Amino acid sequence: MNQANQRAGITMDEAEIAGFLRDARKLQLGTINPDGTPHMVTMFYGLRDGKITFWTYGKAQKTRNIERDPRVTCLIEAGDDYFELRGVMIYGTARLIDDPSVVLEVGMDVTRRMTGMTAPEADVEPLREYVAHTGRKRVAFVVEPSRAVSWDHRKLSGANVGR
């Protein structure tokens, strides 16, 4: 199998990408420093209408980078062995969310995913109070995707590797 066919064979379809993003919890966020070098951080994230959201402190380096240049790259990956590797890399633009109620909802989504809580809203009221308190100095972003690249090495056959 040639490299182009092998690449096409490991690409995830839209449903697989959506499921992968739904089930994962962390991503590596890349922003651009003032000197042009990448700034990489691991973040817990949420999803809003299928788009990646995150929140962070208003004075964080990533926030300052996004204010200056909103282009970002988000890498979500899983797997330890070669034939388990899966990932999605989303290129896009981070858009500031400035509505305090939406910032709180992003914070709740991130926190629920971070802690593995799946309880209904009524069962997480103490969590809401905590998130509201910690959210006073935070801002939220939604990533408007321009392109996504994906791979799922579980689709590879051991007989095709290296050929």
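A residue is counted here as buried when its relative accessible area is under 20%. By this criterion, the buried residues of helix α4 in the predicted model are Val102, Val103, Val106, Gly107, Met108, Asp109, Val110, Thr111, Arg112 and Arg113. Helix α4 comprises residues 100–115. At 1.5 Å a residue, its 16 residues should span 22 Å, and the end C-alpha atoms are 22 Å apart, so the expected and modelled spans agree. Glycine 116, which follows α4, has a positive phi near 75 degrees.

The sheet is open and contains 7 strands in the order β2-β1-β5-β6-β7-β4-β3, with antiparallel pairing. Its edges are formed by β2 (38–44) and β3 (46–48), each of which pairs on one side only. Direction ignored, neighbouring strands are turned by 35 degrees against each other on average.

At one edge, strand β1 (residues 26–32) runs antiparallel to β2 and is joined to it by 7 bridges. Within this pairing, the bridge partner of glycine 30 is methionine 40 in β2. The hairpin of β1 and β2 has 5 residues between the strands, and glycine 36 there adopts a positive phi near 90 degrees. Strand β1 also pairs with β5 in the antiparallel sense, over 3 bridges, and glycine 30 stands opposite threonine 73 of β5. At the other edge, 3 bridges connect β3 to strand β4 (residues 51–57), again in the antiparallel sense; glycine 46 has threonine 53 of β4 as its bridge partner.

Two helices were examined against the sheet. Helix α4 packs on the sheet and touches β2, β3, β4, β6 and β7, its direction making about 100 degrees with that of β4. Helix α2 (residues 14–23) lies across β3, β5 (71–78), β6 (86–97) and β7 (138–152), and runs at about 70 degrees to β6.

A search of the whole structure identified 7 salt bridges. One of them links aspartate 23 to arginine 22, with the closest N and O atoms 3.1 Å apart; both residues are exposed. In another, arginine 71 meets aspartate 69 at a closest N to O distance of 2.7 Å. Aspartate 69 counts as buried because its relative accessibility is 17%. Arginine 128 and glutamate 105 likewise form a salt bridge (3.1 Å, N to O). Because arginine 128 lies in helix α5 (residues 125–134) and glutamate 105 in helix α4, this pair ties together parts that are 23 residues apart in sequence. Arginine 128 is buried, with a relative accessible area of 17%, whereas glutamate 105 is partly exposed, at 29%. Lys51, Arg95 and Glu144 are joined into one network by salt bridges that share partners.

Notes
Residues are numbered from 1 along each chain as its sequence is written. This is a predicted model: local features need pLDDT of at least 70, side-chain atom pairs count only at pLDDT 80 or more; totals for chains, interfaces and linings use all residues. Side-chain values use heavy atoms; hydrogens and water are left out. Two strands pair if DSSP finds at least two bridges between them. Helices (H or I, at least four residues) and strands (E, at least two) are DSSP runs, numbered from the N terminus. Axes are lines fitted to C-alpha atoms, for helices over the stretch in contact, and angles run from 0 to 180 degrees between N-to-C directions. Contact means heavy atoms within 4.5 Å. The expected span of a helix is 1.5 Å times one less than its number of residues. Buried means under 20% relative accessible area, exposed over 50%, partly exposed in between (1.4 Å probe, protein chains only). A salt bridge is a side-chain nitrogen of Lys or Arg within 4 Å of a carboxyl oxygen of Asp or Glu.
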